[in-house]
Amino acid sequence: MAKGDSGKPKGRMTAYAYFVQTCRDEHKKKHPSESVVFAEFSKKCAERWKMMNDKEKQRFQALAEKDKKRYDNEMKDYVPPKNSKKRKRTKDPNAPKRALSAFFWFCNDERPKVRAENPESSVGDIAKELGKRWGVVTPDQKKKYEQLATKDKARYEKESTAYKKKIKTATTSAKSKPKAAPQPESDDEDEDEEEEDEEDDDDDDD
């Protein structure tokens with residue numbers, strides 16, 4: 001769901017997403033006090049999905065098709081806010097790359113797997129699935145990504161300080177640059193004036 005747009009229809013779910021949701025619910029019923037080990041759980045779901053035949057997948061595909069119709073119908077009546085489009089700022093190619101959060105480091109690792117498991121999914125669907133997977137990651141598993149995020153933040157702060165210093169130096173240099181001195185009048189103009197004076201004197205003599 002978009003920020004500041006509570007009226008936007010909920011994104012549609014894929015057949016595989018419904019399957020994973022079912023697996024998660026089954027696991028919670030069987031092991032209510034057991035925390036889900038994300039990497040293991042995700043791997044098992046993918047393996048089960050690959051082993052299933054078309055008939056077994058049919059119920060999840062039917063749910064996905066139903067949700068697609070729901071989404072398409074809701075999108076027909078949806079009118080985005082007038083100021084929903086933000087102006088794109090001109091980005092300096094020399095500016096340091098922003099630091100990634102732990103979640104984004106996780107997405108870099110997990111996105112290829114999600115795409116392989118859901119080849120028919122849209123970018124929005126994949127992002128939604130990544131969010132769900134992040135939600136079941138254990139604290140121990142998150143440590144790896146939090147450490148990467150901390151390291152990347154330090155890198156960004158260091159590069160950002162150097163970049164700002166460089167911009168400030170360039171701005172100060174441009175302001176202190178001396179203005180071009182006014183050009184003196186050419187000698188040709190003085191000669192023309194002298195010739196005019198001589199012509200006036202000749203006229204007086206006549």
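**Helix packing and long-range contacts**

The crossing of H1 and H2 is right-handed, a label that applies when the near helix is turned clockwise from the far one by less than a right angle, with anticlockwise giving left-handed. The model is a predicted one, in which local features need pLDDT of at least 70 and side-chain atom pairs count only at pLDDT 80 or more, while totals for chains, interfaces and linings use all residues. Residues are numbered from 1 along each chain as its sequence is written, and side-chain values use heavy atoms, with hydrogens and water left out.

Back to that first pair: H1 covers residues 15-30 and H2 covers residues 38-51, and the two pack at about 125° with axes 11 Å apart. Axes here are lines fitted to C-alpha atoms, for helices over the stretch in contact, and angles run from 0 to 180 degrees between N-to-C directions. H1 and H2 are therefore oblique to each other; angles under 35 degrees count as roughly parallel, over 145 as roughly antiparallel, 65 to 115 as roughly perpendicular and the rest as oblique. On the H1 side, the residues that meet H2 are Ala-15, Tyr-16, Phe-19, Val-20, Cys-23, Arg-24, Glu-26 and His-27, and their partners in H2 are Phe-41, Ser-42, Cys-45, Ala-46, Arg-48 and Trp-49. Contact means heavy atoms within 4.5 Å. Sorted by class, this contact has nine nonpolar, two polar and three charged residues, where Ala, Val, Leu, Ile, Met, Phe, Trp, Tyr, Cys and Pro count as nonpolar, Asp, Glu, Lys and Arg as charged, and the others, Gly among them, as polar.

Next come H4 (residues 102-117) and H5 (residues 123-135), whose axes come within 9 Å and cross at roughly 120°. H4 and H5 are therefore oblique to each other, and their crossing is right-handed. H4 brings Ala-102, Phe-103, Phe-106, Cys-107, Glu-110, Arg-111, Val-114, Arg-115 and Glu-117 to the contact, and H5 brings Ile-126, Glu-129, Leu-130, Gly-131, Arg-133 and Trp-134. The residues of this H4 and H5 contact split into eight nonpolar, one polar and six charged.

As for the chain, the tally is seven helices and zero strands; these are DSSP runs, numbered from the N terminus, with helices (H or I) of at least four residues and strands (E) of at least two. Of the 206 residues, 24% are buried, meaning under 20% relative accessible area, with exposed over 50% and partly exposed in between (1.4 Å probe, protein chains only). Among contacts between residues at least 6 apart in sequence, 80% join residues at least 24 apart.

Three residues give a local view. His-27 sits in helix H1 and is buried, at 19% relative accessible area. Beyond residues up to four places away in sequence, His-27 touches Pro-32, Glu-34, Val-36 and Phe-41. Val-36 belongs to the loop between H1 and H2 and, with 14% relative accessibility, is buried too. With neighbours within four places set aside, Val-36 contacts His-27, Phe-41, Val-136 and Thr-138. Val-36 and Val-136 lie 100 residues apart along the chain, yet their C-alpha atoms are separated by 6.4 Å.

Gly-11, in the segment before H1, is partly exposed at 29% relative accessibility. C-alpha to C-alpha, Gly-11 and Gly-124 are 7.3 Å apart in space, with their positions 113 residues apart in sequence taken as separation. Outside the neighbours within four places, Gly-11 is in contact with Asp-67, Arg-70, Tyr-71 and Lys-128.
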